[in-house]
Amino acid sequence: LAEGLGLNKDKLASTFGSLWHTARTSAATARKTAETGAAKVGTLLNEASDTLLQTGDQILTSGEKALNNAGTAARNLNTKVMLRPEASFGVPLEAILKRECGDEGAETCPSVVEHLVAILESHAQSSGPLPGSLFTRPLHPVEREGLFSIREQIDSGTPIAHVDMGEEGSSRAEVAAQLLRCFLLDLPQPLLTYSLYDQFLEASEAEGATHKCSDVAVYLPAPSRCVARRVLSCLNTAVEASGMEGVLVAVAPALLRRREGEVAEVMGSIVRVKEAARRLVEGA
């Protein structure tokens with residue numbers, strides 16, 4: 001063939017051999033690259049599988065912990081309701097309303113809330129706007145014991161109107177403010193509910209925040225909506241403007257917080273929660 005084409009036979013053989021060697025080398029390299037790639041893919045898949053398994057275990061552990069916590073909380077709550085059926089602190093609004101008016105879904109306030117708010121409003125009308133310190137001042141041990149004694153009387157079934165909360169004046173108003181704050185903090189879930197947490201925060205940061213927060217409040221359960229309206233309206237009209245900042249810091253976590261939030265998480269969101277509370281007070 002080489003002679004027929006007028007080519008040098010040895011040169012043609014050398015060129016062909018070189019091309020053949022290059023082709024074989026390229027094929028070997030490609031095969032090795034493919035094998036290496038397959039090995040890497042296998043390693044990545046194994047790592048991903050391990051990560052997924054670990055994540056799954058973490059999710060299961062977290063889920064089991066949450067269920068255990070929820071179960072413990074439910075058992076504790078049921079125990080309190082059974083042992084102290086007249087209790088008002090630390091039990092759901094629905095349970096109080098079912099006892100007081102026979103309708104757990106009634107859009108009305110429990111008598112303890114109505115009574116405490118009335119004391120605050122009456123004091124504001126007679127003595128001027130309430131100072132924020134009524135809600136925020138740290139209590140002395142003797143004062144805490146007195147507050148606990150009043151709570152015990154109420155939870156034992158004594159009508160709040162018959163409970164001695166001190167004489168008319170700032171002392172009685174402060175007891176009412178502290179009791180109201182305790183009532184809200186002791187609710188099994190925050191007054192504005194866990195489920196609407198994100199919606200309230202988003203609304204508080206939107207344009208027309210006050211109206212947006214009021215729109216979200218429409219979706220609250222009737223008892224929560226009524227208590228929120230009553231309490232926030234009192235704060236809006238009865239508390240002096242200069243003390244409102246401290247009051248918001250004191251009551252905001254009782255109004256709105258994440259479910260089982262870590263302390264750091266709660267503190268990290270306090271500014272946003274406080275802003276949501278401010279908008280709701282403004283719109284009350």
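In which helix is A222 found? In this predicted model, A222 is found in helix α9. With a relative accessibility of 17%, A222 falls under the 20% limit and therefore counts as buried. Apart from neighbours within four places in sequence, A222 is in contact with G105, A106 and E107. The C-alpha atom of A222 also lies 7.7 Å from that of T108, although 114 residues separate the two along the chain.

The overall composition of the chain is helical: there are twelve helices and zero strands. Read from the N terminus, the order of elements is α-α-α-α-α-α-α-α-α-α-α-α. The chain has 284 residues, of which 34% count as buried. Among contacts with a separation of 6 or more, 73% are accounted for by residues 24 or more positions apart. The accessible surface of the chain amounts to about 16800 Å², and carbon and sulfur atoms contribute 56% of this area.

Helix α10 spans residues 244–255, and its buried residues are M244, V247, L248, A250, V251, A252, A254 and L255. These buried residues pack against four other helices, namely α4 (133–136), α6 (170–186), α9 (222–238) and α12 (270–283). Helix α9, one of these partners of α10, is also the helix that holds A222.

Helix α12 takes part in a further helix pair, with α7 (residues 197–204); the two axes come within 9 Å and cross at roughly 75°. Because this angle falls between 65 and 115 degrees, α7 is roughly perpendicular to α12. On the α7 side, the contact involves Y197, F200, L201 and S204, which meet R272, V273, E275, A276, R279 and L280 of α12. By class, six of the residues in this contact are nonpolar, one is polar and three are charged.

The loop between α6 and α7 contains L192. L192 has a relative accessible area of 2% and is therefore buried. Leaving out neighbours within four places in sequence, the contacts of L192 are F200, L220, A228, L255, L256 and L280. Three of these recur in the helices described above: F200 is among the α7 residues that meet α12, L280 is among the α12 residues that meet α7, and L255 is one of the buried residues of α10. L192 is also 8.6 Å from R257, C-alpha to C-alpha, with their positions 65 residues apart in sequence.

Helix α5 (residues 141–155) includes D155. At 4% relative accessibility, D155 lies under the 20% limit, so D155 counts as buried. The side chain of D155 reaches two backbone nitrogens. One belongs to S88, at 2.7 Å. The other belongs to F89, whose backbone nitrogen lies 3.0 Å from a polar atom of the D155 side chain.

R151 is likewise located in helix α5. A polar contact at 2.6 Å links the side chain of R151 to the side chain of D186. Not counting residues up to four places away in sequence, R151 touches F89, L179, C182 and D186. F89 thus appears both as a residue touched by R151 and as the owner of a backbone nitrogen 3.0 Å from the side chain of D155.

How values were computed
Residues numbered from 1 in each chain as written. Predicted model: local features only at pLDDT ≥ 70, side-chain atom pairs only at ≥ 80, totals over all residues. Heavy atoms only, no water. Buried < 20%, exposed > 50% of the residue type's maximum accessible area, 1.4 Å probe, protein only. Helix = DSSP H or I, 4+ residues; strand = E, 2+ residues; numbered from the N terminus. Contact = heavy atoms within 4.5 Å. Axes fitted to C-alpha atoms, helices over the stretch in contact; angles between N-to-C directions. Parallel < 35°, antiparallel > 145°, perpendicular 65-115°, else oblique. Nonpolar A, V, L, I, M, F, W, Y, C, P; charged D, E, K, R; others polar. Areas by Shrake-Rupley, 256 points an atom, 1.4 Å probe, with all protein chains shown as cover. Polar contact = N/O pair within 3.5 Å; in protein donor to acceptor, adjacent residues only side chain to side chain.
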